[in-house]
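This report describes the overall build of one chain and the two principal pockets of a structure. The sequence and the structure are shown first.

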Amino acid sequence: MKRVEVLKTYKLYIDGKFPRTESGRFYKVLNKAKEPIANVCLSSRKDVRNAVQSARKAQGSWQERTAFNRGQVLYRIAEMLEGRRAQFVEELMLENSTKKEAQMEVDNSIDRIVYYAGWCDKFNQVASSVNPVSSSHFNFSSYEPMGVIGIMAVQSSGLLGLVSMLMPVIAGGNSCVIIASEDKPLCAVTLAEVLNSSDVPGGVVNILTGHIDELWSPLSSHMDVNGISLDVRNKYVTKVQLASVDNLKRVRAYSNDFSLMQEQGIQFITDFQELKTTWHPIEKIGGASNSY
Amino acid sequence: MTAKYRFNEVPPSPSIDKVGVEERVARFQSRSIKTTAKMQGLKMALSMIDLTTLEGKDTEGKVKQMCFKAAHLHNGHPGLPVVAAVCVYPSMVGLAKSIVGKYGIKVASVSTAFPSGQAPLDVKIADTKYAVENGADEIDMVISRGKFLAGEHAFVFDEIAAIKELCGSARLKVILETGELTTLDNVRRASDIAIYAGADFIKTSTGKIQPAATLQVTYTMLQAIRDYYDETGKMVGMKPAGGISNAKLALHNLVMVKEVLGEEWLTNKWFRFGASSLANDVLMQILKTESGIYQSADYFTLD
């Protein structure tokens, strides 16, 4: 007798927990041969609301961690991902990658996480500046996280695209709500399991799956979301920009091909940072006519 | 005016079926309230709030700020009601009255050695007199939980009756502090004692003890009010306080009041929420319901 296969139900990741969608709906993810490979939650706008709420709650203490500690936490994600390499390769292959492509994507993802882990306690001194001003003031600009960032992940890449958009956002002290790739959501949910078993505090990363048609609107109009990161090929880019006007969200639509190794860098971190400039009165030092 | 009863006239209290209460309460929470009904409910909830600050660190500035908020909940949105009352310590009553009086907002003062109630009767009397003389429209007294738990129910009854006499035209709310009464049977007994001793309102908690106004406790107290009404035809008000910080829970409370007591109780004369952070959540829900856009606390005044 043929065994009836048990399809895994992939759940959401909100506030460090794995709830099903409040709507109770799900969809089947199909492989190339149109066979179902998993049941995945079909999130609703209320899931978006819950996710944003938990991201907001978690953001303050994540920002207050020392940058060095955030680097350690990100590095830990890479370590845990390394330990579950086989599962990710298998899931990417289910989603139509060849074995070689899948292995490459997982390797690159791990390397990319390590890359951003290294930036955590360095980007601010590299990107900040001391500014010349025409009065007796010490004037400097440094970066602070924007708050809650909505990420609509690249549709074409299940893991590397997601990691490339996620890591710079949390490296800079933001929390985020991710809408995973609709056709390739498996790695996103498994990544949530990795995040949960590494030291990322619950709520810093929240992952939803479902139809982008339905989720782009509540996320990009939400007054408590401070920025949106998405792929320029997303069909809702213009609408997202319009919906973001109310609270002046920063929208970044990336045209980058994140499968390329060079598509990483400090600019992806500062994209979701707010520049704060401070004026500090100074005395003349050592008789110099101009100091700093 | 409430008729005067003696302690031995308080009828025996029925015992409470805790499992039954929990099942009944769970059903209130499964109600779905949408669109126009939701909007009406939210505005009603706003008008029933006793905006509260009861902290050792209260200053005149803090009380002024809260009084301003009571009268101007969200100026960006015209047509909102004002809250029912502000609730402060006796020392702040005069100040609060001078600010909110002209808006028709009542001033409620806690009294009788709030929040513990651990003081002799003459101190409690002086406390209450001071609040009434300074213009308090409502007195929120605490019962002596220690005496109640020790079985001295007559003592508790007499104390409430004594304070009621001092109140004059001010309405008396009796705080049972249900978090310290431990069982629903005790909550029911204390409710009956308070009602028969002359309470105009019964109130769950001081807000200082957890758990505070759970739906189970509120339901038990509403049932006591219902039974008294059936017996005597007189209405008593209800005020859950503490822990009601979101709009959804407030709506569930309103549903419960309507279904246990009826529509006559759905005004701020007979039902109040004691809360500090509820107002902002209700405001955010009102704006969300109108615009379809989820709101952020960044755009509302601090509580």
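How much area does chain B expose, and what share of it do carbon and sulfur atoms supply? Chain B exposes about 12700 Å², and 53% of this area is supplied by carbon and sulfur atoms; accessible areas follow the Shrake-Rupley method with a 1.4 Å probe, and for residues only the protein chains shown count as cover.

This is a predicted model, in which local features need pLDDT of at least 70 and side-chain atom pairs count only at pLDDT 80 or more, while totals for chains, interfaces and linings use all residues. Residues are numbered from 1 along each chain as its sequence is written, chains are lettered from A and ligands numbered from 1 in the order in which they are written, and side-chain values use heavy atoms, with hydrogens and water left out.

**Chain B**

Chain B contains 11 helices and eight strands, taken as DSSP runs numbered from the N terminus (helices: H or I, at least four residues; strands: E, at least two). Its radius of gyration over C-alpha atoms is 18 Å, close to the 19 Å that the globule rule (2.2 Å times the number of residues to the power 0.38) gives for 303 residues, so chain B is as compact as a globular protein of that length. Along the principal axes, the C-alpha atoms of chain B fill a box of roughly 55 × 45 × 30 Å. Of its 303 residues, 52% count as buried, that is, under 20% relative accessible area with a 1.4 Å probe and protein chains only. Among contacts (heavy atoms within 4.5 Å) in chain B between residues at least 6 apart in sequence, 76% join residues at least 24 apart.

**Pockets**

A pocket is an open set of points on a 1 Å grid over the protein atoms alone, where a 1.4 Å probe fits, with protein on both sides within 12 Å along at least five of seven lines; lining residues have an atom within 4 Å of a point. A volume is the space filled by probe spheres set on the points.

| Pocket | Volume | Residues closest to the centre |
|---|---|---|
| Largest | about 1300 Å³ | A:Arg49, A:Asn50, A:Gln53, B:Asp281, B:Gln285 |
| Second largest | about 490 Å³ | B:Thr52, B:Thr53, B:Leu54, B:Ala275, B:Ser276 |

In the largest pocket, α1(A) gives the most to the lining, with 10 residues. In the second largest pocket, α3(B) supplies the largest share of the lining, four residues.

How values were computed: Buried < 20%, exposed > 50% of the residue type's maximum accessible area, 1.4 Å probe, protein only.
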